[in-house]
Every structure is written in C-alpha cells, then in structure tokens.
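Reader: Could you take me through this fold step by step, so that each answer shows how its conclusion is reached?

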Amino acid sequence: MSEPSFLPEARAYRLRNARVPGAFLTGGVPAGAILDGDACALIDIVVADGVIAGLLPAGSSPDTLPAADLAGRQAWPRLVDAHTHLDKGHTVARTPNPDGDFPGARDATTADRTRHWDAEDLRRRMAYGLACAFAHGTGAIRTHLDSQDSAGEGALRDQAATTWAVFREMRAAWAGRIALQGVGLTPIDAYATAYGRRLADLIAESDGLIGGVTRPTGGLHGGALAEIDGLLDRLFRLARERNLDVDLHVDETGDPAAASLDAVARATLRHGYEGRVTCGHCCSLALQPDAQASDTIARVAQAGIRIVTLPTVNMYLQDRQRGRTPRWRGVAPVQELMAAGVPVMVAGDNCRDAFYAYGDHDMLDTFRASVRILHLDHPLAGAPALAGPVPGAMMGLPHAGTIREGAPADLILLPARSLNEVVARPHADRIVVVAGRAIAARRPAYEALSGEAAPW
C-alpha cells in the first residue's frame, strides 16, 4: 500500500474493507457496518469522478467496479490545521531564539520580520510550508498573519500590505489543493488606533478574519490589561461593521492572573457574537483555581467560543527556564472544556521559527503528539474529531476533515489497522488522495528554502 499505483486508474472504483473512525463519518455510520472497539467502521468507499459516491458496509459494494483492498487498514480524510503561522515559518536557522522562551521568540520574530520579510521571502517560505502540508495530507489551513504597525500611526505599514498580498497569491495558487484562510495578527491595543481601522479594512478586502493577541504592543501575556474591555469592544465593533469573524491569541502564559479568556467571553455575549469567535492557546486557564476556571469555561460555552489548543508549541514554550525541568505541559484544560460542550480542536501553530524550532506542517504528527500530551486516549475513539470535522466546521468548510457521501474523495490511507497503530508510528508511507487520485507530491527538500539544488 506504499505506492500511488495501489489505487485503480478507473474513473470509478472502490476502496474495499476500509477502517474509518466514526468521528469522521459526520453523515452517520452506514447501516449494517461493523464497528470495532475504537468505534471505527469497516466499510467500502465508492469513488466516482473524484467524489465519494457511496459508503457501504464492507463487502457490499458493487463488484463490477475495480477495487483496491485496504484489508482493514485505516482511511482518514485529509486533516485540518486550524491555527498556524505560514508567514513566520522556517526562519529559525537565520534568526534563532537561543533561550527558547516566549520573550526571546517575540524579539527574534520582530528582528526577522524587520530584516527579511519582503514579498519574495514570504512567497518562498509560505509556498514551502504549503508544499509540506499538502504532501502530508492537510486539506485546509487557517494561518495568522503578522500585521503589526511598527511604523506608528501613519499610513498602513507596507509589511502588512505585503504579507496580505502574498497570502492572497498563495490562496489563489493553492485553490483546489489546500483551502486557505487568513487572520490578522496584532497586539490588541492596535485596535484603539486609526491603524486598527485601516487594518480591519485590509482584512475585509482580503476576505480574512479579524484577530490579535490579548497583550499590549511589546509586552507579554499576563494579568489582564486594565483597558481590555474597551479594547475588545473596539475590536468587536470593527468586526461587526465589516461582518468579520474573530480569532484571537489568548492567555499564552503560565501566569494564572492572565484571565483574558473570560473577558473575551463576556465581550462575545455583549456584542451578540456567539458562535463567531475562536480563541487559541488559553494556557493559563489550566493553572487558575478550579472555581474560577469552571466559571470561565461555562461562560465560554455560553458564548459559543471555539478553542484551539496548540500542544507541541505550548509544551515547547511554557514553563521554560534554562537549567530547570518544566513542571507543567503548558496546555489548556482541554478535557474540561470538552466536557462543558465547548468545541475544541488541535492545530500545528508555529513551524521551525522562534516560537517553535521544529515541525513539518504535518497534522497527522500534530494529532499523534496531541493524543499523548493531552491524554486524549483510553478511549481513543473521539480524538480524531479534533483534527478533522471540528476544525472543518469552525472554518465553515462542511466537508473538510470528514468522510461522507457527496464530499470530495480527499483521503489519507494509512498502513495501520487500529487507532493505537495510527498513534504509534509516524506513517511516512501514507498515501494522500486528492479528488480520488493519489498525489505524486513529496515533501520538498530543505534546500528549496534557499534555492539550492538537493543532492538527491
């Protein structure tokens, strides 16, 4: 099953005996299909003209069609990365973060952006990141785009205009391969300035989302800003005027005094924006007193806020002190949020930059790490939803991260029979299928970042 030729070349064909996690079958498990102990259904997938034409109990698909037999191995949809930073990616070699902590990441990113981020540099690194994601089987990405006004209160800084222009190029160039969404990223106090209004206009013109970080310009996440409510009101008014959804970086710190998430939930309710707000990180919530955290979680649920946890990056950054082993994992209280009915998803966040020195835009790898870091196991049955249908629905993409009749036949075929086997190995030999055809794309060589020729 390691070669694209495994699939029939016919216009219509069957994938026999596919094992599909029930979490991905958002249209329901086919009647009569057998479920295993992981709540995976053993089914036949009928593909016609690049679309899933039928989902049937294993062995019941028409034998007049050519078939590939998965023999009980896993078939997944292409996954969804609901929070990443394509504009920052692959800068760690030229602008490292020697201490590996959040202040160092902020300062290194500022330096790299100032020195290097012209259109050519952004185009090369964003295209590289997308090529990696595509080869690994990611079908949709929401990327946050640095949109700070380092030029003060003057005209819209060239950097933001340049970055968003390159993003629009990438979105058009990758249409049909990866669905792309962009979010404006700036410290929240920018929205109290004339620049904030111009940035909101740029985001709207680019069909993006308004976003930001709940910390001041040049500062760190910590105790809530005294003016947080007024700043959030300003942001929500800008969003309402332009009909923009909201996606914020919130409380990315181990300081329990950081309680911006509750302020965001209150603002969401105050402005009638329920179901249109996403918050990423929310690390400090895990360290707050139980009663305070429970109250915040209840308000988040009431406001219909979606939460994105970034386990690999937050475990890398949080509680980092040189010469001292970290004492906590740095992640949001995902299980408590889910128990309260809050939609939760996992995502990749940064990749080989000052905020996270590693990664390869591989959502399957992020999923596997998330299971271990967040204890999304015993049972494993519900975990796949956090990288598939939950973020797909959050992005407004009804078929993303799902396997259902009428959806594009966008799949990842894995040489694993159980969810345990999915998590246990990295599966470099997966087959990625787009519109019913196995892709020939492979991960680009690192030399492509600098224009060098790869030795093999």
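Author: Before the helix packing is discussed, one convention is needed: contact means heavy atoms within 4.5 Å, and angles run from 0 to 180 degrees between N-to-C directions of axes fitted to C-alpha atoms. The model is a predicted one.

Reader: At about what angle to β11 does helix α5 run, and which strands does the helix lie across?

Author: Helix α5 comprises residues 228–242, and the strands it lies across are β10, β11 and β12. With respect to β11, the helix runs at about 155°.

Reader: In what order do the five strands of that open sheet stand, and which of them are at the edges?

Author: The five strands pair in the parallel sense, in the order β10-β11-β12-β13-β14. Because each has a single partner strand, one side is left without a neighbour in the sheet for two of these strands. From one strand to the next the twist averages 20°. The edge strands are β10 (210–213) and β14 (344–346).

Reader: Over how many bridges do β11 and β12 pair, and which residue of β12 does leucine 248 stand opposite?

Author: Strand β11 covers residues 246–250 and strand β12 covers residues 277–281, and their parallel pairing extends over five bridges. Within this pair, the residue opposite leucine 248 is cysteine 279.

Reader: How many disulfides are there, and how far from cysteine 279 is the nearest cysteine sulfur?

Author: A disulfide requires two cysteine sulfur atoms within 2.5 Å, and by this rule the count comes to zero. Cysteine 279 is buried, at 0% relative accessibility, and cysteine 282 is also buried, with a relative accessible area of 1%. Cysteine 279 is in no disulfide, the nearest cysteine sulfur being that of cysteine 282, at a distance of 5.3 Å.

Reader: Is histidine 281 buried or exposed, and which side chain does a polar contact join to that of histidine 281?

Author: Histidine 281 is found in strand β12, and because its relative accessible area is 1%, the residue counts as buried. Leaving aside neighbours within four places in sequence, its contacts include His83, His249, Asn314 and Asp349. A polar contact of 3.4 Å joins the side chain of histidine 281 to that of glutamate 252.

Reader: Which residues touch the most other members of the largest nonpolar core?

Author: In soluble globular proteins, nonpolar side chains tend to be buried together. Here the largest nonpolar core holds 107 residues, and a second, separate core of 11 residues includes Ala105, Ala108, Tyr316 and Tyr356. Isoleucine 210, not counting residues up to four places away in sequence, touches residues including Val183, Tyr191, Leu235, Leu238 and Val246. The residues touching the most other members of the largest core are Ile45, Trp76, Ile210 and Ile307.

Reader: How many residues of β3 are buried, and how many bridges join β1 to β3?

Author: Strand β3 spans residues 40–48 and is mostly covered, with eight of its nine residues buried. Strand β1 (residues 12–21) runs antiparallel to β3, and in this pairing alanine 18 has isoleucine 43 as its bridge partner. The number of bridges joining β1 to β3 is eight.

Reader: Which turn residues have a positive phi in the hairpins that β3 forms with β2 and β4?

Author: Strand β2 (residues 34–35) is joined to β3 by two bridges in the antiparallel sense, and four residues lie between these strands in the hairpin. Six bridges join β3 to the antiparallel strand β4 (residues 51–57), where alanine 48 stands opposite valine 51, and this hairpin has two residues between its strands. The turn residue with a positive phi of about 60° in the β2 and β3 hairpin is alanine 39, and the one with a positive phi of about 55° in the β3 and β4 hairpin is aspartate 49.

Reader: Which strands stand at the edges of the open sheet of three strands, and which residue of β9 does isoleucine 141 stand opposite?

Author: This sheet has the order β7-β8-β9 with parallel pairing, and β7 (79–84) and β9 (179–185) are at its edges, since each has a single partner strand. Neighbouring strands are turned by 10° against each other on average, direction ignored. Strand β8 (residues 138–146) pairs with β9 over seven bridges, and the residue opposite isoleucine 141 is leucine 180.

Definitions and conventions
Residues numbered from 1 in each chain as written. Predicted model: local features only at pLDDT ≥ 70, side-chain atom pairs only at ≥ 80, totals over all residues. Heavy atoms only, no water. Pairing = 2+ DSSP bridges. Core = buried A, V, L, I, M, F, W, Y, C linked by side-chain atoms within 4.5 Å. Buried < 20%, exposed > 50% of the residue type's maximum accessible area, 1.4 Å probe, protein only. Polar contact = N/O pair within 3.5 Å; in protein donor to acceptor, adjacent residues only side chain to side chain.
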